[in-house]
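Trainee: Got a minute to walk through this one with me? I'd like to start from a small detail and work outwards.
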Amino acid sequence: MYKIILMILTATILNANAGNYNIKFKGIKLGEIETLDTLKENYLKAEVTSTIAKFFIGKENFVFHSGEEPKIKDAKFRRDKNMLLFAFLQSLTEKPEHKVYKINDVKTMTLDCSTNECKFIYNKKGRIKGQGIITFDERGEFIKLKEEIASVEISKI
């Protein structure tokens, strides 16, 4: 019963955050994300809108994933090695004041949230492998995610 309630809550929150979002990688705009709903399936799909990015990627879509590659045609896939999608989903659904998630024996994710932001740090074998900040507006709606190490930025248009 608890899992069903959590899934409904997650879907409701993600739908409330529906809209278009820009995704940048190393300062270059790759494209636009239509919805955050796919976060619960461990991926985000962006339509590549930048002419330069299309030339280098050679595909119509860019998929950032943390699990199995989703079945999406004409897509360039990039695996989320820094637990960015996990931190993003937890900040949208739980927004804990302070929580340390033990991923396995050598990996942890720390999430510290306030009303308007969540800071995350991903540690692997005692070393910081990912860190960033997720900001929200005064109503608690997502505005921007900025991961510093992998140089990924997702922002509301």
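Mentor: Sure. This is a predicted model. Start at the hairpin of E1 and E2, where Lys26 has a positive phi near 55 degrees. Two residues lie between the strands there.

Trainee: How many bridges join E1 to E2, and do they run parallel or antiparallel?

Mentor: Five bridges, antiparallel. E1 covers residues 21-25 and E2 covers residues 28-33.

Trainee: Which residue in E2 is the bridge partner of Tyr21?

Mentor: Ile33.

Trainee: And which strand is joined to E1 by another five bridges?

Mentor: That's E11, residues 152-156, again antiparallel to E1. In that pairing Lys24 stands opposite Glu153 of E11.

Trainee: Zoom out. How many strands form the sheet, and is it open or closed?

Mentor: Eleven, in an open sheet with mixed pairing. The order reads E5-E4-E3-E2-E1-E11-E10-E9-E8-E7-E6.

Trainee: Why is one side of E5 and of E6 left without a neighbour?

Mentor: They stand at the edges of the sheet. E5 (75-79) and E6 (98-102) each have a single partner strand, so one side of each stays free of a sheet neighbour.

Trainee: By how many degrees are neighbouring strands turned against each other?

Mentor: On average 20 degrees, with direction ignored.

Trainee: What about E8 and E9, how many bridges there?

Mentor: Eight, in the antiparallel sense, with E9 spanning residues 127-136. Lys124 stands opposite Arg127 of E9.

Trainee: New topic, pockets. What volume does the largest pocket have?

Mentor: About 360 Å³. It is lined by 17 residues, and Ser66, Arg79, Asp80, Met83 and Phe86 are the closest to its centre.

Trainee: Which elements give two or more residues to that lining?

Mentor: Helix H3 (84-93) and strand E8 (117-124). H3 gives the largest share, four residues.

Trainee: How does the lining divide into nonpolar, polar and charged?

Mentor: Seven charged, six nonpolar and four polar residues.

Trainee: Last thing, confidence. What's the mean pLDDT of the chain?

Mentor: It's 88, and 88% of the residues reach 70 or more.

Trainee: Where is the pLDDT below 50?

Mentor: Over residues 2-18. In the model that stretch has 18 contacts beyond near neighbours in sequence.

Technical notes: Residues numbered from 1 in each chain as written. Predicted model: local features only at pLDDT ≥ 70, side-chain atom pairs only at ≥ 80, totals over all residues. Heavy atoms only, no water. Pairing = 2+ DSSP bridges. 1 Å grid on protein atoms, 1.4 Å probe; cavity = no way out; pocket = protein on both sides within 12 Å on 5 of 7 lines; lining within 4 Å. Points joined across faces, edges and corners; volume = space filled by probe spheres on them. Nonpolar A, V, L, I, M, F, W, Y, C, P; charged D, E, K, R; others polar. Axes fitted to C-alpha atoms, helices over the stretch in contact; angles between N-to-C directions. pLDDT = per-residue confidence, 0-100. Contact = heavy atoms within 4.5 Å.
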